[in-house]
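This report covers how helices pack, how the sheet is ordered and what lies around the ligand. The sequence and structure come first.

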Amino acid sequence: MAVTDRNASHLGDAVGLTDEQLIEMYRLVALTRALDERMWVLNRAGRIPFVISGQGHEGAQVAITWPLRKQHDWVAPFYRSIATCLTFGMSPRDILTAQYATASDPSSGGRQMPGHYGSREHNLVSVSSPVATQLLHAVGIALAAKVRGTDQVAMTFMGEGSSNQGDVHEGLNFAAIHKLPFVFVVENNGYAISVPWARELAVEDVASRAAGYGIPGVVVDGTDVLACYGAATEAVDRARSGGGPTLIEAKVTRLTGHSSDDQQTKYRSEEELASEKARDPLPKFRAQLTDAGILTEEVLGRLAAEITAVVDDATEYAESQPDPDPSTAMRWVYAEEWPSEAPPPWGFGTAGGHAEEH
Ligand SMILES: Cc1ncc(C[n+]2csc(CCOP(=O)(O)OP(=O)(O)O)c2C)c(N)n1
Ligand SMILES: [Mg+2]
């Protein structure tokens, strides 16, 4: 979208967002990047064991999650969904306590793998390690919403490699038949670990598969925040108004290795990595909002200082939190009740019940 000749209100009007909302979207993209970069430093410093990064995916995640109603709709995220989780209500402290696996980690009280975020408070389903299973969870939630008439929408996210799993076919077919309030988001970054997309799919676009289910399939530039927002708004409106599911494929870029245990220079050329860097959504969005007069030097300076303080605070907080008590390791493996009146910090279990010692 060419915006250089538009003033601030024109850009906001064109996409149906206020300047304050656009600045907040930018803040979330920039905050996620800073938090993600901090995680890599903490990993290399030996403080956290494993990072699975969302760098390059943040713009699409913020923009696509944005139209959902917080604490009303539902999201089943995946391991790169840091920006989605922050946009949907989790805090940087929540994200880093999950990375440190502290007792106070709201995702799982230190039980889950790193990067497996979730929050009962924010209707974020805990990430499942077998990729693509989250689609079945989200479709089930969408079915419940339809049966109960709650006006809720369920959205799930995964990579293009994961979208080849059988679960996706079963879930999408079911969601389409029953016109469920469901949005399926594929963050296509061109790789499944070291396997390039041409070895993952025989078609150019995952979205073309939507036709096989009789639902709309939309391809969007996942590094164009406002294009993603437009596609998501349409899909969420369709879902909420009884029009059924949509498949959104956001073509993003993976700026880091698959994880902190992967070295992508072993299988991607220098030229490829340089051209992908040019698709980084963070400077692109910043330039767009700066050209439109929405982000000024003063606002950028204020945001940068605020983000540094928030990331420092989250780091210090997570560092200070105790590990889970080893004697509780077997808790919550099987159904049991939480022993106190207050709910457990990670959100599941029942207040007021009795716990059996193991
Ligand atoms: C069912 C299953 N198979 C394999 C894995 C191991 N695995 C984890 S992530 C991943 C790659 C997924 O690639 P993609 O869906 O494109 O997402 P990306 O990591 O690129 O964002 C694989 C194979 C797994 N977790 N679950
Ligand atoms: Mg991928």
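In this predicted model, helix H2 passes helix H3 in a right-handed crossing. On the H2 side, the contact is made by Met25, Leu28, Val29, Thr32 and Arg33, and on the H3 side by Glu58, Gly59, Val62 and Ala63. Sorted by class, this contact of H2 with H3 has 5 nonpolar, 2 polar and 2 charged residues. H2 spans residues 19-44 and H3 spans residues 58-65; their axes come within 9 Å and cross at roughly 140°. H2 and H3 are therefore oblique to each other, since only angles over 145 degrees count as roughly antiparallel.

A second helix pair is formed by H5 (residues 92-100) and H11 (residues 297-320), with axes that come within 8 Å and cross at roughly 40°. That angle makes H5 oblique to H11. H5 passes H11 in a right-handed crossing. H5 contributes Pro92, Arg93, Leu96, Thr97, Gln99 and Tyr100 to the contact, while H11 contributes Val310, Val311, Ala314, Thr315, Tyr317 and Ala318. By class, the contact of H5 with H11 has 8 nonpolar, 3 polar and 1 charged residues.

The two pairs are set out below.

| Helix pair | Axes come within | Crossing angle, roughly |
|---|---|---|
| H2 and H3 | 9 Å | 140° |
| H5 and H11 | 8 Å | 40° |

Next, the sheet. It is open and has 5 strands in the order E1-E2-E3-E7-E6, with parallel pairing. Its edge strands are E1 (74-76) and E6 (217-221), each of which pairs on one side only. From one strand to the next, the twist averages 20°. Within the sheet, E3 (residues 182-188) and E7 (residues 246-251) pair in the parallel sense over 6 bridges. Thr246 in E7 is the bridge partner of Val183.

Helices lie across these strands. H3, already described in its contact with H2, lies across E1, E3 and E7 and runs at about 155° to E7. Helix H6 (residues 133-148) lies across E1, E2 (154-159) and E3, running at about 170° to E2.

E2 also takes part in the surroundings of ligand 1: E2 and strand E4 (191-192) each supply at least two residues of the shell. Ligand 1 is surrounded by 14 residues, of which the closest are Val131, Gly159, Gly161, Ser162 and Ala192. The class make-up of this shell is 6 nonpolar, 6 polar and 2 charged residues.

Key. Residues numbered from 1 in each chain as written. Chains lettered and ligands numbered in written order. Predicted model: local features only at pLDDT ≥ 70, side-chain atom pairs only at ≥ 80, totals over all residues. Axes fitted to C-alpha atoms, helices over the stretch in contact; angles between N-to-C directions. Helix = DSSP H or I, 4+ residues; strand = E, 2+ residues; numbered from the N terminus. Parallel < 35°, antiparallel > 145°, perpendicular 65-115°, else oblique. Left-handed = near helix turned anticlockwise from the far one by under 90°. Contact = placed C-beta atoms within 7 Å. Nonpolar A, V, L, I, M, F, W, Y, C, P; charged D, E, K, R; others polar. Pairing = 2+ DSSP bridges. Near = placed C-beta within 6 Å.
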